[in-house]
Amino acid sequence: MKYIAAVFSVLISCFLISSNSLEHDGSLTIKLQHALNGGPNPVYTDRGHITIHSLRLKQAIVNQSPLTDIEKHQIQKLAEDNELYKIKAIVTANDGTERTFISAVKACMLAESELDDKFAVSLDYMGRVIGVTSLIASKATCEGAVVPLDKLKEFTTSVYVRHSETGAIPDTASYIQKLEREREAQEKGEVKDNRSFLAKYWMYIVPVVIIMVISSASNPEAQGGGQ
Amino acid sequence: MANFRSIYKVQVFLTILIHLTLALYEDQVGKFDWKRSFVGKVKYVSLEARRIIVATEENVLASLSMNTGDIQWRQLLEDPNDYQIELLQVDKEILTVSGSHNTWLVRTWEINSGTLLSEWPLNTDQNIPSKFTVFEKKLYHIIPVTASHVEVTVYPLYDVNANQRKGILRKITAPWIKDSSECVVANSYFICLESNQLYFLNLLKDNADFQSRPLDSLLGSSLAKTVLIELNHDTPSVLLVQNNIAKLATIVENNISVKPFDLMPNAVKFKENEHIYQLEANDNRDKLIRVKAKDFQTGKDVFSVDLDYPIGLGAPIILGGQSIGLVTKLFLTTTDNALLLVHLPEGKILWTREEALSSIIATEFFELPISELDASIEHEFDGDSDIISMFTHRITTQINQLYSLLSGGQSRKNGVMVRDEFGLHKIIVVATRAGKLFAIDTLSGSIAWSYRLPNIQPFLSTDKKEEMLLLVQRTAKYYPLPAQCVLLAQDSITGLGVVFQFDPITGQSTKGIQRLNYKIVQAVLLPYPNKNLLKPFLVVSDTLEVHLFPKDSISQLKEHFSTTFLYIADPKRDSLNGYSLKYSTEDSLKLTPIWEVNFQPSNLVDVSAKPINEIVHSQGKVLYDRSVYYKYVNPNLLAVATVTPDPNHRSVVSVYLIDGVTGLILHSASHRRAKGPIHLVHSENWLVYTYFNDRFRRMEVSAVELYEGHLQSNSTVFSSFAVSQLPDIQTQSYILPAMPLKMTVTLTERGVTNKFLLIALTNGAVIEIPWLLLQPRFTGMPCGPEESCIPYMPEIPIHSETTINYNQTLSRISGIEVAPARLESTCHVLVHGLDIFYTRVAPSKTFDLLKEDFDYRLIVLVLVGSIVATFVTKRLAARKALKRAWKIFHKKDIDKKIEVMRICCIGIVK
């Protein structure tokens with residue numbers, strides 16, 4: 001449990017980083033429907049509502065009723081069969097336009113996380129919803145799982161409103177500043193530096209001299225050995 | 001001192017060398033690159049004394065050599081999508097009229113060099129298709145205004161002051177007229193066919209009106225659809241084509257009459273003689289085409305010649321010709337855009353040019369198969385042969401292999417399609433807009449084979465990009481199974497899918513062209529080879545039915561149903577939809593929608609997935625404190641670009657990174673007051689895109705890099721469903737002081753080599769930019785050579801040494817394709833457009849290859865010399881040691897004697 005909490009905190013921090021760049025604030029209501037029947041032809045039933053009063057503040061109110069026993073059994077079965085848990089989100093913007101998005105997660109992952117799911121509501125630069133994705137915070141996937149019914153009580157849903165970031169622009173200002181700083185430093189350096197040739201380059205000359213001394217010292221020895 | 005100086009010299013030398021190897025040496029030009037130039041599909045032609053002047057649909061004016069077909073000079077006019085050449089007239093100089101709708105440019109060109117002599121604009125009020133003709137040094141511009149009148153404007157062409165160049169406008173009432181497509185210009189007459197009436201107008205007479213004749217009085221019947229075709233003759237004449245039979249109509253003294261004989265619709269005539277030439281199909285299988293010459297007045301056959309028509313070319317038509325005495329030269333073009341020059345009366349084809357290569361749509365690189373010699377060793381255990389014959393077989397093959405190794409190897413010879421050691425010799429299969437496949441040899445640039453697929457055309461993808469798919473089902477690695485590739489395109493008439501399976505090395509197809517009965521919206525190659533090592537592929541129809549090719553590989557696929565996901569980009573609805581194959585059964589494949597991203601009202605411009613054969617070598621980046629920052633390498637990641645028209649910001653460019661399995665939008669960034677063209681390059685854990693910044697009026701390039709963080713969430717298996725944390729995203733933008741046309745990234749065998757971005761610019765250069773220069777810098781961290789980090793520069797420097805095509809300007813680049821060689825350092829590059837350019841690039845320099853000018857003799861000499869020196873010095877050392885030993889022995893001897901003497905002396909003294 002501690003480990004899961006750590007994961008969540010990282011997830012939340014990542015969501016919060018995205019910068020606020022909306023020009024106009026707006027509100028949204030999202031009607032959630034889920035398919036618990038499995039198989040290729042989903043039958044969607046109501047799950048609850050999400051209301052976002054301010055897209056800028058990214059605060060969402062989630063309104064969901066507890067699951068009925070039939071629904072709990074259905075989710076348990078979906079998890080057992082390694083099925084997909086499908087979600088349909090009907091988004092109504094404040095200008096009345098309606099858009100429908102679908103999303104799916106692995107049912108076993110949902111059950112293992114004890115019905116703790118997350119919704120990412122992605123917006124474009126104008127605050128229009130372009131996608132609603134359901135996801136589960138987890139480090140690994142599963143291939144079917146048996147989860148006891150008492151763990152499947154109620155959805156604990158978190159909603160993350162994700163804005164479109166303002167694209168990076170070439171950073172000319174700081175670069176020019178940097179260049180100017182360097183130039184200044186150079187100018188300062190040039191004013192100060194009127195030492196003699198030896199004073200300036202002694203660190204290059206000394207090793208050369210040492211090498212010369214060593215090589216000349218080793219040569220007479222070899223010659224001397226020969227004599 | 002001497003030692004130090006030499007080290008210093010070597011160091012200086014090395015630095016110079018490193019800087020120089022960025023570019024080519026002069027003697028390396030053309031050593032591993034080649035360029036082929038093209039002119040495009042020819043529209044108008046004029047045969048001159050030793051040259052052929054062509055005007056093409058690519059809006060190119062060029063001169064071809066009469067003898068060889070080579071391009072003597074080539075002039076590129078404006079963008080062919082907006083402008084087209086509408087008139088080509090060659091006299092002492094070349095006259096062209098090019099443009100569209102209401103803006104035209106009249107130009108004259110020098111015939112020998114192709115230099116522009118004069119140019120003047122021609123503007124009209126009418127924005128409708130029109131016709132041009134030149135008569136008696138005057139340019140006639142004829143605009144048919146629907147259901148009203150025809151405007152004829154006459155411009156004097158020569159000896160006029162440019163300022164005084166004014167047209168004389170004349171309006172002729174023609175309430176019946178529809179548009180220019182039903183009209184032709186024959187000599188000095190403008191002839192139209194409208195509702196079974198033939199109207200003709202003499203352009204030379206100032207006060208002439210349209211005259212008309214009912215069509216049935218000329219042809220007898222007017223029930224079938226009739227088409228007008230112009231014919232070049234001194235007497236104004238046209239062909240009236242009905243049911244594929246042409247009748248010749250001539251206008252003599254304002255009276256039109258029809259000749260009694262039949263002609264083919266492809267009949268042409270040249271000004272030099274009185275013959276009409278036409279092409280007919282021939283029964284002879286070796287000589288499929290027959291040229292027939294008929295007399296203009298009587299229609300009697302003058303002669304007929306069977307042509308040595310090359311197999312594989314499409315149906316020809318005569319575009320132009322020239323008769324000098326008995327010799328006639330015919331200039332043919334084919335349905336697959338090839339150009340031929342025919343020499344009559346022999347019927348010989350002088351040369352052929354494959355102009356289809358000027359519009360390459362899809363490209364794929366293929367490794368060649370192993371040589372027969374290497375292959376024969378595989379046959380050792382084939383038969384029930386006894387042990388001795390098996391042994392002799394093995395020994396002979398290996399001796400032969402040794403012999404071929406010593407004699408320099410076979411792969412170095414051109415023309416031999418055999419794999420070489422380093423994978424530098426490859427074959428490039430290209431699919432062209434004309435529906436013709438070509439295989440090009442990378443070493444020589446010659447065409448290895450070609451295959452024409454009749455009636456196919458590319459798909460139209462997002463942002464009206466033309467696309468064909470080449471899927472590699474099996475490479476040449478699996479001897480004796482041949483390589484197999486598949487081309488997916490659509491039928492040019494019905495738009496239904498076309499599948500063509502072929503061997504990319506030989507160009508042979510066992511199944512031929514398969515025409516499907518549905519339209520293709522998506523196709524994917526699956527990574528699950530069947531028992532024949534053939535990768536199957538899925539085709540999704542427009543009704544979202546899934547089809548598997550080949551059908552019997554369902555047994556491989558069924559295990560992966562629940563892990564196979566597809567996405568479909570819908571440019572009409574500006575949405576991206578994800579599907580799963582989870583609920584498929586062996587009998588029926590089924591797509592189940594699982595996610596959707598809807599970009600409306602933005603326009604979906606580009607979708608880019610990562611290259612499928614890319615290998616990410618390094619999993620992380622080492623930071624300055626020696627900790628590892630892991631890369632977010634999601635193989636399912638898609639990059640999507642959209643452009644939104646906006647009332648406040650004019651247009652907004654948005655770029656999204658979307659997981660292709662769950663549909664989660666991992667990153668989105670929008671650039672206000674920016675517009676296309678957008679180029680996306682998506683590789684490893686990063687994305688680079690370019691766009692035009694409307695506010696500062698400059699091209700900008702942005703880099704996005706994704707990291708997992710200091711902890712790797714799952715190092716063995718990646719799952720898009722397991723989202724434990726969202727990637728850390730770094731972005732940075734730069735100014736690009738050039739206009740990019742296409743952009744791609746180099747690809748190497750193992751991904752160890754650095755990455756270079758290859759950018760084709762509008763000035764005809766292809767430049768390479770190291771990824772390191774664009775890689776976003778971490779804020780608050782040191783950046784220097786120790787961190788292998790180049791400090792941030794807001795403007796990308798473009799040096800002339802980084803141009804990979806040095807001084808070979810490439811025109812109208814339409815794509816850059818890359819493929820890894822088997823040498824890790826090297827990457828094949830093919831740039832195509834109006835020119836094709838092939839070269840190899842080595843982003844980290846050829847660290848695994850000796851330089852081609854490496855002095856093998858010197859190193860052998862040095863080796864032999866040092867071996868000899870070792871032996872000699874050994875010998876000398878031995879001798880010296882011996883001498884020394886003797887010396888010591890003598891010395892000891894002497895010492896002993898001295899000792900004895902000393903003892904004696906001591907004794908004596910005592």
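**Chat about a predicted two-chain model**

Q: Which residues of chain B does UniProt list for "transmembrane region"?
A: Residues 856–877 of chain B, and that comes from an unreviewed UniProt entry. Keep in mind that the model here is predicted.

Q: OK, and what's the chain doing over residues 856–877, helix or strand?
A: Helix: that part of chain B is 100% helix and 0% strand. The C-alpha atoms at its ends sit 31 Å apart.

Q: Into which domains is chain B divided?
A: Domain 1 covers 40–123, domain 2 covers 126–265 and domain 3 covers 272–358. Then come domain 4 (422–517), domain 5 (526–598) and domain 6 (858–910).

Q: What separates the centres of domain 1 and domain 5 of chain B?
A: 49 Å, taken over C-alpha atoms.

Q: Switching to cavities. How many of 30 Å³ or more does the structure hold?
A: Two. The largest cavity has about 170 Å³ of space, and the second largest has about 40 Å³.

Q: Which residues lie nearest the centre of the largest cavity?
A: B:Lys621, B:Phe778, B:Pro782, B:Glu787 and B:Cys789, out of 16 lining residues.

Q: And by class, what's in that lining?
A: Eleven nonpolar residues, two polar and three charged for the largest cavity.

Q: What about the second largest cavity, which residues line it?
A: From chain A you get A:Val105, A:Ser134, A:Leu135 and A:Ile136. Chain B adds B:Thr662, B:Leu664, B:Ser720, B:Phe721 and B:Val723. By class, the lining of the second largest cavity has six nonpolar residues, three polar and no charged.

Q: Which strand gives the most to that lining?
A: Strand β7 of chain A, residues 129–137, with three residues.

Q: Where does β7(A) come in the order of its open sheet?
A: Between β6(A) and β56(B). The full order is β8(A)-β6(A)-β7(A)-β56(B), so to speak of pairing, it's mixed across the four strands.

Q: Which are the edge strands?
A: β8 (158–162) of chain A and β56 (722–723) of chain B; each of them pairs on one side only.

Q: How do β6(A) and β8(A) run, parallel or antiparallel?
A: Parallel, with five bridges joining β6 (residues 118–123) of chain A to β8(A).

Q: Which residue in β8(A) stands opposite A:Val121?
A: That's A:Val161.

Q: Remind me, through what do strands of a sheet pair?
A: Through backbone hydrogen bonds, in either a parallel or an antiparallel way.

Conventions. Residues numbered from 1 in each chain as written. Chains lettered and ligands numbered in written order. Predicted model: local features only at pLDDT ≥ 70, side-chain atom pairs only at ≥ 80, totals over all residues. Heavy atoms only, no water. 1 Å grid on protein atoms, 1.4 Å probe; cavity = no way out; pocket = protein on both sides within 12 Å on 5 of 7 lines; lining within 4 Å. Points joined across faces, edges and corners; volume = space filled by probe spheres on them. Nonpolar A, V, L, I, M, F, W, Y, C, P; charged D, E, K, R; others polar. Helix = DSSP H or I, 4+ residues; strand = E, 2+ residues; numbered from the N terminus. UniProt positions renumbered as here; feature names shortened; annotations may be inferred. Pairing = 2+ DSSP bridges. Domains from an automatic or database assignment.
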